[in-house]
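Biologist: Could you take me through one part of this model at close range, residue by residue? I would like to see how a single position fits in with what surrounds it.

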Amino acid sequence: MENPKRGELTITLGEKKYQARVTMDVVMRIERSMGMGIIKVAQQLSEAEISTEQIINIILPVVRAGSNNVKEADLKKDIWEAGLVAGITACSEIVAMVLNAGNDEGNDQQVEDQLV
C-alpha cells in the first residue's frame with residue numbers, strides 16, 4: 001500500500017505499473033541529470049518544453065527508488081508502448097509530489113501505530 005506522505009506512488013505506463021518512491025536523493029539526481037532545479041523542471045513541464053530524454057531522467061530514478069530493478073532500455077520501451085502522454089503524466093505526478101513534500105502534517109502510519 002502506497003503512502004504519499006512518504007513519497008510513495010504508483011507510476012502507470014500503459015499496462016505496466018511500478019511502485020515508485022520520491023526521496024531527496026532522487027530529487028537531487030533529477031536536478032543533476034536535467035541541469036536545473038526542480039522548480040525549473042516544473043516550469044518546463046507546464047510549458048510542454050520537455051524532451052523524451054528528460055522524461056526518462058525524471059521517471060527512472062523514482063522507479064528505481066521504489067525497489068524496481070529496471071533497466072533504462074526497458075523503461076524506454078514501456079514509455080514508448082504506453083505513449084509519450086503517459087510518460088509526461090508520470091513526470092507531472094512526480095514533480096507535483098516533490099513540490100508538495102513536507103506540506104503534510106504527520107504520517108498516517110505513525111498515527112495508526114500510536115493508536116494500536
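Modeller: Happy to! Leaving aside its neighbours within four places in sequence, asparagine 57 is in contact with Ile30, Ser33 and Met34. This is a predicted model, so please read every value here as computed from predicted coordinates. For serine 33, the backbone tells a similar story: its C-alpha atom and that of asparagine 57 are separated by 6.4 Å, although the two positions lie 24 residues apart along the chain.

Asparagine 57 belongs to helix 3, a helix that spans residues 52-65. Its partner to look at next is helix 4, residues 72-82. Two packed helices are described by the angle between their axes and the distance between the axes. Here the axes come within 11 Å and cross at roughly 115 degrees, and the crossing is right-handed. On the helix 3 side, the residues that meet helix 4 are Ile55, Ile56, Ile59, Leu60 and Arg64; on the helix 4 side they are Glu72, Leu75, Lys76 and Ile79. Sorted by class, this contact holds 6 nonpolar and 3 charged residues, with no polar ones.

Asparagine 57 turns up again in the lining of the second largest pocket, together with Thr52, Glu53, Ile55, Ile56, Glu72, Lys76, Ile79, Trp80 and Leu84. That pocket has a volume of about 150 Å³. Helix 3 and helix 4 are the elements that give two or more residues to the lining, and helix 3 gives the most, with 5 residues. By class, the lining has 5 nonpolar, 2 polar and 3 charged residues.

If you would like another part to view afterwards, try the hairpin of strand 1 and strand 2. Strand 1 (residues 8-13) pairs with strand 2 (residues 16-21) in the antiparallel sense over 6 bridges, and leucine 9 stands opposite alanine 20 of strand 2. There are 2 residues between the strands, and glycine 14 takes a positive phi near 65 degrees in this hairpin.

Key
Residues numbered from 1 in each chain as written. Predicted model: local features only at pLDDT ≥ 70, side-chain atom pairs only at ≥ 80, totals over all residues. Heavy atoms only, no water. Axes fitted to C-alpha atoms, helices over the stretch in contact; angles between N-to-C directions. Helix = DSSP H or I, 4+ residues; strand = E, 2+ residues; numbered from the N terminus. Left-handed = near helix turned anticlockwise from the far one by under 90°. Contact = heavy atoms within 4.5 Å. Nonpolar A, V, L, I, M, F, W, Y, C, P; charged D, E, K, R; others polar. 1 Å grid on protein atoms, 1.4 Å probe; cavity = no way out; pocket = protein on both sides within 12 Å on 5 of 7 lines; lining within 4 Å. Points joined across faces, edges and corners; volume = space filled by probe spheres on them. Pairing = 2+ DSSP bridges.
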